[in-house]
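Q: Could you take a close look at the charged side chains in this one and walk me through who pairs with whom? I'd like the surroundings of those residues too, in one connected answer.

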Amino acid sequence: MKQIKVVGKQILSGEIEISGAKNSAVALLPAAILTTEAVIDNVPNISDIRALEDILNYLGADVYKEGSKLTINSQKLKNKPITEEFSSLLRASYYFMGAMLARFKEVTISLPGGCQIGDRPIDIHLNGFKKLGVKIKEENNTYVLKADKLIGADITLPFPSVGATINILLASVKAVGKTIIRNAAKEPEIGNLIDFLNSMGAKIKGKDTDVLEIEGSLLLNEGNISVISDRIEAGTYILAGVMTGKNLKIKNVNPNHLTSLINILKEMDADIKVYDNYIMASKSENLKPVSVKTEVYPGFPTDLQQPFTSLLLIVNGTSYIKETIYENRFQNIAYLKEMGADIEIVNDTLIIKGARELIGKEVVTSDLRAGAALILAALVAKGTTTIKEVKYVLRGYENIVSKLSAVHAKIVLEDV
Ligand code: UD1
């Protein structure tokens, strides 16, 4: 088991370089099988990516690695069932539904894994596939999806689900005729995927809007893309800077993807300076309490809700966070309370009375962003915090320990 130990109250200074976005990369790797050869650059070195490489290898693709550049050759890809052994490795394994449908018009795949942050049904994905002409059978948590022919359709999503938008997009690229996805998710990671698919010769219009138009095409070229910078990783380190930084420079950031976080930090009087592709953050005195609600992009991201909660622990006054996307994304709270935080959960809302002294304790990570939140709290707590089950953190944050050590955090990763 891996654990992280943090000795709190250090001042962070220096530079942190942001990696490629996990949530983009986990869609781009499955998308690579829509063509014979694809090159994906700026891929983060995280365990979710290694899991996708395992699935690609299992299916018969050749994956070559050169630093952060992956070349995926899927000429010899076979339509094999993606069993639970592979599908449970990560949530994004379900992007092989859309990708394999596009490639073979059929796929057998077991339920995806991923963090337990709520119910996480996949009804919107499946209903979208049905509209494209896919027949679906489900038995013992395994789905068999099959279409004689994928046919373009007009699909309105009941909710702008990121995963469903990506999956339907993948399948529709090779459908006959035109598909329209209405009420589509607009997250920047979807734009990154659209650029990748268009580089292969797909005809997708409407990037960054909630109506996507896909003209199905059969012939695709070789694909090329660079993964965009990870806005959630960037947001996490910006919060670290505001909590305990001194001119902490967060590099390789697209501030346009972080507007909601930046606006709220400014409203709180946080000491941040925003430049074209980097952000400077420093420990801010007299931060104002706020009310925040998680929303779909461009609203405040649910993936930053838990890290942001840790910032609110040092703010004098009462703050509120309403979580509207996932009902079970408060598993960090019990541990923050053990560390001395005053937080009440009322239905979907956290009421945080800040500026209580935090003391290092032994805490356990339940999911990726909960782990990030506990590391942030540990950075400002008195004494040593031991964070167990950090495997969840390592699936989404590239080199988090060495990145934080390099800016003078006292943090170590241990195998116990
Ligand atoms: C993606 C991100 C995740 C982020 C989330 C919301 C990836 C790999 N993960 O997850 O980090 O927290 O977007 O920004 O990109 N829903 C349904 N039925 C469905 C699909 C979704 O009810 O078929 C619900 C979910 O339970 C949830 C909400 O819709 O309440 C949002 O889910 P969705 O946008 O699909 O998130 P993911 O793609 O799973």
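A: Let's start with the tally: in this predicted model, the count comes to 18 salt bridges. Here are some of them, with their surroundings.

Take the pairing of Asp415 and Lys2, whose side chains meet in a salt bridge at 3.2 Å, N to O. Asp415 sits in strand E23 (residues 410-415) and Lys2 in strand E1 (residues 2-7), so this pair ties together parts that lie 413 residues apart in sequence. As for accessibility, Asp415 is exposed, at a relative accessible area of 61%, while Lys2 is partly exposed at 33%.

The strands E23 and E1 also supply another pair. Glu414 and Lys5 have side chains that meet in a salt bridge, here at 3.6 Å from N to O. Glu414 belongs to strand E23 and Lys5 to strand E1, so the parts being tied together are 409 residues apart in sequence. Glu414 counts as partly exposed with 24% relative accessibility, and Lys5 is partly exposed too, with a relative accessible area of 29%.

Now for a pair from the helices: Glu233 forms a salt bridge with Lys403, and their closest N and O atoms are 2.6 Å apart. This one links distant parts of the chain, with Glu233 in helix H8 (residues 231-244), Lys403 in helix H14 (residues 400-406), and the two positions 170 residues apart. Both ends are out of the way of solvent by the accessibility criterion: Glu233 is buried, and so is Lys403.

Not everything comes as a simple pair, either. Glu15, Glu17 and Lys251 are linked in a network of salt bridges.

Then there's a charged residue without a partner. Arg369, found in helix H12, is buried yet has no salt bridge. What is the nearest side chain of opposite charge to Arg369? That's Asp303, 4.2 Å away, and since a salt bridge has to fall within 4 Å, that pair isn't counted. Setting aside residues up to four places away in sequence, Arg369 touches Lys22, Ile232, Asp303, Gln306, Pro307, Arg329 and Tyr397.

Helix H12 (residues 368-380) also holds Ala372. Is Ala372 buried or exposed? It's buried, with a relative accessible area of 1%. Leaving out neighbours within four places in sequence, Ala372 is in contact with Thr236, Pro307, Val393 and Tyr397. Pro307 and Tyr397 turn up in the contacts of Arg369 and again in those of Ala372. For a sense of distance, Ala372 and Val346 are 26 residues apart in sequence and 23 Å apart in space, C-alpha to C-alpha.

Lys22, one of the residues touched by Arg369, leads us to a helix pair. Helix H1 (residues 22-31) packs with helix H2 (residues 47-59) at an angle of about 5 degrees, their axes being 10 Å apart. That angle makes H1 roughly parallel to H2. On the H1 side, the contact is made by Lys22, Ala25, Val26, Leu29 and Pro30, and on the H2 side by Asp48, Ile49, Leu52, Glu53 and Leu56. By type, the residues of this contact split into seven nonpolar, no polar and three charged.

Terms used: Residues are numbered from 1 along each chain as its sequence is written. This is a predicted model: local features need pLDDT of at least 70, side-chain atom pairs count only at pLDDT 80 or more; totals for chains, interfaces and linings use all residues. Side-chain values use heavy atoms; hydrogens and water are left out. Helices (H or I, at least four residues) and strands (E, at least two) are DSSP runs, numbered from the N terminus. Buried means under 20% relative accessible area, exposed over 50%, partly exposed in between (1.4 Å probe, protein chains only). Contact means heavy atoms within 4.5 Å. Lys and Arg count as positive and Asp and Glu as negative; His and the chain ends are not counted. Axes are lines fitted to C-alpha atoms, for helices over the stretch in contact, and angles run from 0 to 180 degrees between N-to-C directions. Angles under 35 degrees count as roughly parallel, over 145 as roughly antiparallel, 65 to 115 as roughly perpendicular and the rest as oblique. Ala, Val, Leu, Ile, Met, Phe, Trp, Tyr, Cys and Pro count as nonpolar, Asp, Glu, Lys and Arg as charged, and the others, Gly among them, as polar.
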